[in-house]
Every structure is written in C-alpha cells, then in structure tokens.
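Please open the structure in a viewer and keep the sequence panel visible. The tour below proposes one selection after another and describes what each selection shows.

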Amino acid sequence: MIFFENARSWSQFVQTVRGCSHIRSTVGTLPHPAAALLKRLQTVGVPIVTTGTPWTAQQLDEKVARGPHKSANEHCEFVREEMAEFCEKGFWVVLPYDMVKQLPGLKLSPLGVVPQRDRRPRLIVDYSFYGINDETVKLMPPEAMQFGRALERLLTSIRHANPAFGPVYMAKIDIADGFYCVWTSANTCTKLGVLLPRSPSEPQLVAFPLSLPMGWVESPPAFCSVSETAA
C-alpha cells in the first residue's frame, strides 16, 4: 500500500509492482507475422476495451455488498494463500476497496474456486456475472486458438516431417501459470477488479490482475498468440 500511496498514477504503481515481462524484449525482431503484436504485449500488455458505461459509486457498493462467489468463501484460506503467492510473483495486486473505489473505469466481478480431482483447486473469476465478458471488445486474434482434431494434426505433422532430420520426437510442455506470463494493460486492468472473501475483522479487499486472469474472454486468444508463435 505504501507503493500505491506514493505512486504518481495507477499505471506507474502497476509497473512498479509487477516486475519484468516474461516475454523477451527482442520479440519484435522475430520473422513472424505476430511479431508486432507480441512486442505490444511485451511492452504494454493486453488492452481491456469495453463498450459498457462506467459504473456509479452505488453500483460498485452493490457489488461489494454481494461479495464473491460462495465457492470462494468456502475456500477462504486457500484463496488467501494462493493470492498471497500470486502477489509475490507480481501476477496480482490486492488493495482495500476504500482505497481504490475512485479509480477510473473500476468494475468488480466475483471470484470463484473450481475444485479439481486429485489436484489443487483453481481460482477463476466470473467475468460473465456482471457482463464484463459480453461488453469486452475482442481485439486478440481468435485464429491463434486451435480446438479439436489434435491427434489428427499431430499425426499429420509426423507423417510430413523431413526424414533427413532423423526420427521424430514428441514433447508436451506445460507452462506453469501460463496465462500469468502475459501482462494486462496497466491503464485498463481496473475493469477486471475482483472481489475477495472477507473476514469480519478486515475491510473488503479487491484484487487486480496484472497478467491474464482465468475467466476473462480475451485471456485464451492472447495467451495462444504467444504460445502458438513459440511452437
């Protein structure tokens, strides 16, 4: 909170707390059609452009009164531990609602928790609950995403591989916290504010995604724009 109080602007505050980009600064020199887009993601982040009108103070207070999804309240300790770790990594920042309620463009959505079999639960934000996903202007290339026929595409690549390079080897790489490797725009991430579970002894806390959050409609194509180019 000291950084926030001393910052000259919200954008400067975000740039201070989120650290360095996970995308290399030389990405703009890649011989690839997506080079210019990736350079923008590396320097500025994914823009959050919406068509809805700014929320009033009354609308914000109503969202705060309703709070997060009940699944987040049921996993309150997990949410605290997970969010604390993400804040340390510069993926999110958490501030009291009273401190940020005057931020331009502020909108709030409920946090949820998705249980997973034999794995840790996963945080996800319901950006559809108050219409944030519906009013988001789609700027990321949807063609970056590939759905279905994975085995067919894999076998085709193997069949047409150049035998001069020897046997074909396959590798599956799972990028840890993959979405969080791509920034959101510092100037507009206030539109993706998230309501956290609240204990009786503390003020209402709001989290802001400094990188792509799970649940936002533009996160998958933005992330795939980076990962598919690397592939």
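The model is a predicted one, and a search of the whole structure finds seven salt bridges in it. Three of these contacts serve as the opening stops.

**Salt bridges**

Select Glu135 and Lys107. These two residues form a salt bridge in which the closest N and O atoms are 2.5 Å apart. The pair connects distant parts of the chain, 28 residues apart: Glu135 belongs to helix H8, whereas Lys107 is in the loop between helix H7 (97–100) and S2. Both Glu135 and Lys107 are buried.

Next, select Lys101 together with Asp98. Here the salt bridge has its closest N and O atoms 3.7 Å apart. Are these two residues buried or exposed? Lys101 is partly exposed, because its relative accessible area of 32% falls between the 20% limit for buried and the 50% limit for exposed. Asp98, at 58% relative accessibility, counts as exposed because the value is over 50%.

The third stop is Arg117 with Asp118. Their salt bridge has a distance of 3.9 Å between the closest N and O atoms. Arg117 is exposed, with a relative accessible area of 77%, and Asp118 is likewise exposed, at 75%.

**The hairpin of S2 and S3**

Keep Asp118 selected and add the strands on either side. Asp118 lies in the loop between S2 and S3. Strand S2 covers residues 108–116 and strand S3 covers residues 119–125; the two run antiparallel and are joined by five bridges. Which residue of S3 is the bridge partner of Gln116? The partner of Gln116 is Arg119. The hairpin has two residues between its strands. Asp118 has a positive phi of about 60°, although this residue is not a glycine.

While the strands are displayed, a general point may guide the eye. In a regular strand, side chains alternate between the two faces of the sheet.

**A second positive phi**

Move to Arg149, which is found in the loop between helix H8 (132–135) and H9. Arg149 is not a glycine, yet its phi is positive, at about 55°. With 58% relative accessibility, Arg149 counts as exposed, because this value is over 50%.

**A nonpolar surface patch**

Continue along the chain and select Leu151, Leu154, Leu155, Ile158, Val168 and Met170. Together these residues make a nonpolar surface patch of about 560 Å². Within the patch, Val168 lies in the loop between helix H9 (150–159) and strand S4 (193–195). Why does Val168 qualify for the patch? Val168 has a relative accessible area of 43%, and therefore exceeds the 30% that a patch residue requires. Val168 is described as partly exposed.

**The largest pocket**

Turn now to the empty space in the model. Rolling a probe the size of a water molecule over the atoms shows where such space is left. The largest pocket has a volume of about 1,200 Å³. It is lined by 33 residues, and those closest to its centre are Ile173, Asp174, Ile175, Gly178 and Phe223; selecting these five brings the centre of the pocket into view. The elements that contribute two or more residues to the lining are helix H6 (76–88), S3, H9 and helix H10 (219–230).

**The largest cavity**

How many cavities of 30 Å³ or more does a search of the whole structure find? The search finds one. The largest cavity has a volume of about 40 Å³. To locate it, select Met83, Trp92, Leu111, Leu123, Ile124, Val125, Tyr180 and Met214, which line this cavity. Strand S3 provides the largest share of the lining, with three residues.

**The whole model**

Finally, clear the selection and display the entire chain. The protein has ten helices and five strands. Along its principal axes, the C-alpha trace spans about 65 × 40 × 30 Å. Of the 231 residues of the protein, 43% count as buried; Glu135 and Lys107, seen at the beginning of the tour, are buried residues.

Key:
Residues are numbered from 1 along each chain as its sequence is written. This is a predicted model: local features need pLDDT of at least 70, side-chain atom pairs count only at pLDDT 80 or more; totals for chains, interfaces and linings use all residues. Side-chain values use heavy atoms; hydrogens and water are left out. Patches are made of residues with over 30% relative accessible area and no salt bridge: like charges are joined within 9 Å, nonpolar side chains (Val, Leu, Ile, Met, Phe, Trp, Tyr) within 5 Å. Accessible areas come from the Shrake-Rupley method with a 1.4 Å probe; for residues, only the protein chains shown count as cover. A salt bridge is a side-chain nitrogen of Lys or Arg within 4 Å of a carboxyl oxygen of Asp or Glu. Helices (H or I, at least four residues) and strands (E, at least two) are DSSP runs, numbered from the N terminus. Buried means under 20% relative accessible area, exposed over 50%, partly exposed in between (1.4 Å probe, protein chains only). Two strands pair if DSSP finds at least two bridges between them. On a 1 Å grid over the protein atoms alone, a cavity is a set of points where a 1.4 Å probe fits but cannot get out, and a pocket is an open set with protein on both sides within 12 Å along at least five of seven lines; lining residues have an atom within 4 Å of a point. Grid points are joined across faces, edges and corners, and a volume is the space filled by probe spheres set on the points.
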